[in-house]
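Dear colleague,

I am handing over the structure we spoke about, and it is placed directly below this paragraph. Please look through it first; my notes on what was found follow after it.

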Amino acid sequence: MWGKSIVGCGLVVMALPLSAAQLTLQQVWDSGFAKGTEIVSVQAATQRVAVSNSEEGLVDVLQLSSQGLQPIARFADVLNDGEEMTAVAFHPQHDYLALAVRSGDALKPGRVLVLDGKAGQPLASLPIGVWPDSLAFSPDGQHLLVANEGEGYVPVGAGYVTARGSLSLLRTVGEPAAWQHQEIALPALHGHPGMVEPQHGRKLEREINGQELTLPFDNSPEHLEPEYVTFSPDSRFAYVSLQENNAVLKVDVAQASIAQIWGLGMTQHPADVQEDGQYRPDYALTALREPDGISVTPDGAYLLTADEGDTEPKVKKLKAGQPAAGGRTLSIFAASNGQLIADTASQLDDMAAAAGVYPDARSPAKGAEPENVLSFIAGDTLWAVVALERADALALVDLSDIKAPKVVQVLGLGEGAGSGNLAPEGLAYLPLDGRHYVLAGLEKSGQVALVELKL
């Protein structure tokens with residue numbers, strides 16, 4: 001069988017009291033490819049893990065047991081020429097794997113490709129919006145929501161055009177070929193409070209025909225870029241991050257409509273913004289949160305956002321009064337109305353520095369870059385785990401006091417953590433036999449990290 005496991009690979013771990021809960025790295029499963037292991041999705045009932053490889057255009061299926069992760073299937077050669085797989089989702093009850101597939105043409109619709117979860121044969125190919133980026137099944141298995149980011153640009157005359165962002169809601173009842181698709185169009189959101197505004201001077205970096213270009217944008221539909229999808233535990237609502245626009249959409253699933261739009265505003269806290277070989281959080285950072293991954297707490301009461309940031313310019317090029325991009329925070333909002341409850345301020349970077357994995361070279365940009373987040377209950381405590389992409393680490397956050405989240409540990413995910421060469425991206429939580437596991441897809445190393453929360 002392909003792949004291998006690496007155990008005990010030079011962790012950088014904060015010293016903690018022996019009685020304290022902490023994350024421990026149990027295994028690093030290697031796909032055999034140099035990179036691309038981006039998204040992980042679990043089926044809790046069978047303890048199976050699906051891993052999408054965006055570079056290779058394939059899906060690995062792993063089995064979690066007391067012996068760790070073992071590969072049981074690899075589904076390759078499922079894409080057409082020019083297509084790209086951006087995400088995978090395991091159906092919560094049935095043997096279905098849903099893949100988000102981008103067209104090779106930046107202005108053409110993508111598709112959801114549904115595979116048999118055991119044999120890998122295609123069961124359905126369903127057209128959706130342009131350039132899908134992520135997708136998720138509702139917990140009850142009745143719906144699949146796709147965030148169509150539409151972030152590709154095509155030269156036209158002296159300028160460039162891009163597709164409108166949208167959402168695709170599929171009713172996943174019956175055989176996959178019969179699933180019904182409904183597109184949810186996004187309205188213009190000019191002047192919506194808490195979102196990015198013209199005076200913020202934000203720009204996008206995009207690669208067009210092999211060139212890295214910096215482009216202006218606004219909150220018109222073609223510049224709304226749905227990024228990440230999560231559902232409420234009761235499947236009534238879905239939440240979608242608009243990273244570049246600094247917003248979250250709350251979707252009424254039954255009505256297939258946008259119920260609320262939340263501008264996420266700014267955070268203010270100390271930060272290190274100098275690449276000088278040391279960690280000195282002596283800059284008064286004011287930043288748009290710009291969340292990437294989002295998660296709802298198990299009770300459905302709170303939405304958590306990983307405030308990575310994705311716009312330019314960098315801090316050193318900001319003009320007076322302009323906010324930076326990326327909060328460098330975990331933020332907590334009321335899931336009912338989007339009210340800000342709290343954020344972690346400088347704690348994620350502080351603890352990454354204490355653990356020896358803070359990426360100093362990224363100080364003028366977005367620091368450790370919180371990429372994704374999940375939450376679960378263990379030992380009667382509500383926890384969050386945050387993927388720090390540039391620190392190659394996971395942060396453990398105690399949410400016992402929801403108004404005062406406390407980062408209690410940062411765990412490097414292997415040798416060289418802090419270099420940005422591992423890059424945790426997708427996260428998944430999987431309980432097994434009373435133990436609590438977190439899986440992280442390491443996009444830049446072609447691996448999956450298996451981490452256990454020990455109480």
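**Notes on the model**

Asp433 is found in the loop between β34 (424-432) and β35 (435-442). Please keep in mind, here and throughout, that this is a predicted model. Although Asp433 is not a glycine, its phi is positive, at about 50°, and with a relative accessibility of 69% the residue counts as exposed, because the cut-off for that class is over 50%. A comparable entry can be made for Asp77, which lies in the loop between β6 and β7: Asp77 is not a glycine either, yet has a positive phi of about 55°, and at 80% relative accessibility Asp77 also counts as exposed.

As to the interior, the largest nonpolar core holds 31 residues, of which Leu97, Leu99, Val112, Leu135 and Leu144 touch the most other members. Two or more residues of this core are supplied by each of β5 (58-65), β6 (68-75), β7 (84-90), β8 (96-102), β9 (109-116), β10 (122-130), β11 (132-137) and β12 (143-148), and the largest share, six residues, comes from β8. For Leu97, once its neighbours within four places in sequence are left aside, the contacts include Ala50, Val59, Val61, Phe75 and Val88, and also Leu113, Val114 and Leu115.

Apart from this core lies another, of 25 residues, with Met351, Val386, Leu388 and Val397 among them. Leu388 has its place in strand β31 (residues 381-388), and it is buried, because its relative accessible area of 0% falls under the 20% cut-off. Not counting residues up to four places away in sequence, Leu388 touches Leu348, Ala352, Ala368, Glu369, Pro370, Ala393, Ala395, Val410 and Pro424. The C-alpha atoms of Leu388 and Glu425 are separated by 8.3 Å, with these positions 37 residues apart along the chain when counted as their sequence separation.

The strand that holds Leu388 also belongs to a hairpin: β31 and β32 are joined with four residues between them, and Asp392 in the turn has a positive phi of about 55°. These two strands run antiparallel and are joined by six bridges, with Val385 standing opposite Leu396 in β32. Strand β32 (residues 393-398) is largely enclosed by the rest of the structure, because five of its six residues are buried. On to the next pairing, β32 and strand β33 (residues 406-412) pair in the antiparallel sense over six bridges, and the bridge partner of Asp398 in β33 is Lys406.

Another hairpin is made by β21 and β22, with four residues between the strands, and here Ala256 takes a positive phi near 50°. Strand β21 (residues 247-252) and strand β22 (residues 257-263) run antiparallel and are joined by six bridges, and Leu249 stands opposite Ile261 in β22.

There is also an open sheet of three strands, in the order β23-β24-β27, whose pairing is mixed. Its edge strands are β23 (266-271) and β27 (324-325), each of which pairs on one side only. Six bridges join β23 to strand β24 (residues 283-288), the two running antiparallel, and Gln268 stands opposite Thr286 in β24. Pro270 lies in strand β23 and, at 40% relative accessibility, counts as partly exposed. Leaving out residues up to four places away in sequence, Pro270 touches Pro281, Tyr283 and Ser346, while Pro270 and Gln347, which are 77 residues apart in sequence, are 9.6 Å apart in space from C-alpha to C-alpha.

Another proline deserves a separate entry, Pro313, which is found in the loop between β26 (302-307) and β27; the peptide bond from Glu312 to Pro313 is cis, with omega near 5°.

Lastly, the second largest pocket has a volume of about 170 Å³. Among the residues that line this pocket are His190, Val196, Glu197, Pro198, Arg202, Lys203, Phe217 and Asp218, and by class its lining has four nonpolar, four polar and four charged residues.

With best regards

How values were computed. Residues numbered from 1 in each chain as written. Predicted model: local features only at pLDDT ≥ 70, side-chain atom pairs only at ≥ 80, totals over all residues. Heavy atoms only, no water. 1 Å grid on protein atoms, 1.4 Å probe; cavity = no way out; pocket = protein on both sides within 12 Å on 5 of 7 lines; lining within 4 Å. Points joined across faces, edges and corners; volume = space filled by probe spheres on them. Nonpolar A, V, L, I, M, F, W, Y, C, P; charged D, E, K, R; others polar. Core = buried A, V, L, I, M, F, W, Y, C linked by side-chain atoms within 4.5 Å. Buried < 20%, exposed > 50% of the residue type's maximum accessible area, 1.4 Å probe, protein only. Contact = heavy atoms within 4.5 Å. Pairing = 2+ DSSP bridges.
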